Amino acid sequence: MPKTNSVYADYQATTPADPRVIKKMDPYWREFFGNPHSNNHARGWQAEQAVQEAAASVAGLIGADSDEIVFTSGATEANNLALMGLARRALPGRTRILTSAIEHKCVLAAARSLASRDGFTVEEIVVDGEGFVDPDSLKKQLDNDVLLVSIMAVNNEIGTIQDMPAIAGVLAEWGIPFHCDAAQAPCAMEMGDMSAHADLVSLSGHKMYGPQGIGALYIRRHLQERIEPLIHGGGQQNGLRSGTIPLPLCVGFGAAAQLLADTSGSGERDRIARRRDRFVELLKSDGAPVAVNGPAMSHRHPGNANLRLEGFDAQDILGALQPGLAAATGAACTTGIPEPSHVLRAIGLSAAECDASIRFSFGRFTSDDEIDDAAELVMTALDGLNAY
């Protein structure tokens, strides 16, 4: 029997906050709770200093400066601010927006909104069967009328890690701003030169062992005057995002970024990848009908295993796994009606293959015992479904 009551295998949906992050945040709920925009007293100055330190830590993660960081409610808001903010101050003649076929739904929805309400043309950048953008193919889509190209660094469903320098090099020839949804990137790749490649970078606290409800948009300094804010009010954050900054969340976000910078990120990624690979091998050795969706294990998010279990329905498997194991299909359910994953369809899977696919994702706190338990729970679920 499994040694644990519940195994968490949905790290790409959200990571648990690191205890060191929680400890760092704690005083800012009760002791140092000043408004960082109150500039008439010491409590406000103290809060502002804490926010500046957090911004410096987040900026340091991607090689940027703290005045290029705009705190948001999360990566969804950051993605919306990047696309809509730039579009609503678009230079004359810049009418096309290019997004990869496997972008997060919030990027695709923001682009569609700009097309329907503001008259922009949105074009899809195709990906290959592993989810990679081909820089040479992208180059053929570029012209002087392109406003923005949005390509995520690491895919949230199949874990594909894009070649950021190659993509950036193609766009630099045209002077086209490059937006990167990097919400999944901090736990998957080296981030120190991200700002050297992308002009706008979206980040999320809860995808990197920080708190939920906080994210950031890096905006290259010279682009900031070309961004129309989505939220108007007191003009905080250089007028780019009004509203009181959530002090404890900023502190936690900064602490999470600092932990990633201070520890051996490559060592943690290697450890997680070994456990992920063991999970897949255990399923295969037990005879599960497993196929891996997306790129080779060495070219994806180290915690990601998007698996197709031939002959089964993913929703049935997930139901049979409850409450023992948390995983996800990765399919959108925005209207309450599940539909095949647009990411899996974009890499060539049929609707039936999408319906048989589950994303298992592991992380910093996944133990060897949990990997063994997870594989055993999946096999037990499959055996039970086969019995019907």
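**Entry 1: Asp-67 and its partner**

I started with Asp-67, which comes out partly exposed at a relative accessible area of 45%. Before going on, I noted for myself that this is a predicted model. Next I looked for what the Asp-67 side chain pairs with, and found a salt bridge to Arg-221, with the closest N and O atoms 2.9 Å apart. The two ends sit 154 residues apart, so I checked where each belongs: Asp-67 is in the loop between H3 and strand S2 (69-72), and Arg-221 is in the loop between strand S8 (215-219) and helix H9 (247-262). Arg-221 is partly exposed too, at 41% relative accessibility.

I then ran the search over the whole structure, which gave 20 salt bridges. As a reminder to myself, side chains of opposite charge can pair when their charged atoms come close.

**Entry 2: Two more bridges to the S8–H9 loop**

Which residue does Glu-77 meet in a salt bridge? I found Arg-241, at 2.7 Å from N to O. Glu-77 is in helix H4 (residues 75-87), while Arg-241 lies in the loop between S8 and H9, 164 residues apart from Glu-77. I wanted to know whether this pair is buried or exposed. Glu-77 is at 14% relative accessibility, and the cut-off for buried is under 20%, so Glu-77 counts as buried. Arg-241 has 13% and therefore counts as buried as well.

The next pair I looked up was Glu-228 with Arg-89, whose side chains meet in a salt bridge of 2.8 Å, N to O. Glu-228 is in the loop between S8 and H9, and Arg-89 is in the loop between H4 and strand S3 (96-100); this link spans 139 residues. Here both ends are partly exposed: Glu-228 has a relative accessible area of 23%, and Arg-89 has 34%.

I also followed bridges that share partners, and they join Asp-18, Arg-20, Glu-268, Arg-271 and Arg-364 into one network. I kept Arg-364 in mind for the Tyr-209 entry below.

**Entry 3: Gln-236 and Asn-238**

I stayed in the loop between S8 and H9, where Gln-236 lies. Why did I log Gln-236 as buried? Its relative accessible area is 17%, and buried means under 20%, so Gln-236 makes the cut. Its side chain has a polar atom 3.0 Å from the backbone nitrogen of Gly-243.

Asn-238 is in that loop between S8 and H9 as well. I have Asn-238 down as exposed because it has 64% relative accessibility, and exposed means over 50%. I flagged Asn-238 for its backbone too: phi is positive, about 60°, although the residue is not a glycine. Most residues other than glycine have a negative phi.

**Entry 4: Tyr-209**

Where is Tyr-209? I placed it in the loop between strand S7 (200-204) and S8. Tyr-209 has a positive phi of about 70° and is not a glycine, so I gave it an entry of its own. Tyr-209 is buried, with a relative accessible area of 2%.

What does the Tyr-209 side chain reach at 2.7 Å? I traced it to the backbone nitrogen of Arg-364, and Arg-364 is a member of the salt-bridge network I listed above. I also took one C-alpha to C-alpha distance from Tyr-209: Asp-286 is 33 Å away in space and 77 residues away in sequence.

**Entry 5: Ser-57**

I looked up Ser-57 in helix H3 (residues 42-62). With 15% relative accessibility it counts as buried. Its side chain makes a polar contact of 3.1 Å with the side chain of Gln-258.

**Entry 6: A cis peptide bond**

I checked the peptide bond from Gln-322 to Pro-323 and found it cis, with omega near 0°. I noted this one because most peptide bonds are trans. Pro-323 is in the loop between helix H11 (314-321) and strand S11 (325-326).

**Entry 7: Negative charge on the surface**

Last, I looked at charge on the surface. Which residues gather in a patch of negative charge there? I got Asp-128, Glu-130, Asp-134 and Asp-136. I followed up on one of them, Asp-134, which lies in the loop between strand S4 (121-125) and helix H6 (135-141). Asp-134 is partly exposed, at a relative accessible area of 37%.

Technical notes:
Residues numbered from 1 in each chain as written. Predicted model: local features only at pLDDT ≥ 70, side-chain atom pairs only at ≥ 80, totals over all residues. Heavy atoms only, no water. Patch = residues over 30% accessible without salt bridge, like charges linked within 9 Å, V, L, I, M, F, W, Y side chains within 5 Å. Areas by Shrake-Rupley, 256 points an atom, 1.4 Å probe, with all protein chains shown as cover. Salt bridge = Lys/Arg side-chain N within 4 Å of Asp/Glu carboxyl O. Lys, Arg positive; Asp, Glu negative; His and termini not counted. Charge placed at Lys NZ, Arg CZ, Asp CG, Glu CD. Helix = DSSP H or I, 4+ residues; strand = E, 2+ residues; numbered from the N terminus. Buried < 20%, exposed > 50% of the residue type's maximum accessible area, 1.4 Å probe, protein only. Polar contact = N/O pair within 3.5 Å; in protein donor to acceptor, adjacent residues only side chain to side chain.
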